[in-house]
Amino acid sequence: MEYLVRTARITDIERLVGLAGDVLASTEGGSPLGVSDLFRQLVYLPHASIVVAEARREIAGGGVLVLRPSVRAGGYVGSVDLLVVSPDHDADRVTTAVLEELLRSAQNKGCTVVEAVRPSDPEALARWAALGFVDAEPLITRSVVARTAARRS
């Protein structure tokens with residue numbers, strides 16, 4: 001099965017939140033906004049990227065990348081805040097497709113590094129490692145080369 005990875009639309013948010021239900025269940029306590037409302041805002045913000053993977057017009061997975069400036073990192077740090085895969089789809093292929101798109105987005109937005117919370121599942125950790133992420137307890141990180149405009153001499 002082929003997966004199309006694309007930028008999330010406002011109409012994708014409910015399906016993505018439903019897919020991430022268990023992961024997001026514990027996050028609603030500290031925010032005045034519900035998870036769906038927060039996702040809807042992130043769709044329009046330049047310092048966030050939400051992508052979905054779909055197959056046959058069905059959401060197979062998705063991810064959220066948020067940016068923060070860092071003097072220590074020498075630019076922006078991209079944080080993969082969420083990565084979910086439907087249990088009905090191939091976790092390896094969906095994870096790879098979503099992460100590759102998030103890494104491309106981070107590179108285009110000037111990030112020098114991308115980080116994520118270290119997965120506790122060894123299979124999930126192996127998927128991230130296959131894409132170049134290394135252990136940096138309690139996170140995993142991967143350097144990305146930011147694309148910059150070519151300078152004229």
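**Salt bridges in a predicted model**

Reader: What is the relative accessible area of E14?

Author: This is a predicted model, with local features needing pLDDT of at least 70, side-chain atom pairs pLDDT 80 or more, and totals for chains, interfaces and linings using all residues. Numbering runs from 1 along each chain as its sequence is written, and side-chain values use heavy atoms, leaving out hydrogens and water. E14 counts as partly exposed (buried is under 20%, exposed over 50%, 1.4 Å probe, protein chains only), and its relative accessible area is 45%.

Reader: Which residue forms a salt bridge with E14, and what does the pair tie together?

Author: In this salt bridge (Lys or Arg side-chain nitrogen within 4 Å of an Asp or Glu carboxyl oxygen), the closest N and O atoms are 2.3 Å apart. The E14 end sits in helix α1 (residues 13-19) and the other in helix α3 (residues 35-44), so parts 26 residues apart in sequence are tied together (helices are DSSP H or I runs of at least four residues, numbered from the N terminus). The partner is partly exposed at 28%, and its name is R40.

Reader: Which residue of α3 also pairs with R40?

Author: Look three residues away in α3, about one turn of the helix. The closest N and O atoms are 3.0 Å apart. This partner of R40 is partly exposed at 39% relative accessibility, and it's D37.

Reader: Is R127, the salt-bridge partner of D92, buried or exposed?

Author: D92 and R127 meet at 2.6 Å, N to O. The pair links α4 to α5, 35 residues apart. D92 is partly exposed at 43%, whereas R127, at 16%, counts as buried.

Terms used
Helices (H or I, at least four residues) and strands (E, at least two) are DSSP runs, numbered from the N terminus.
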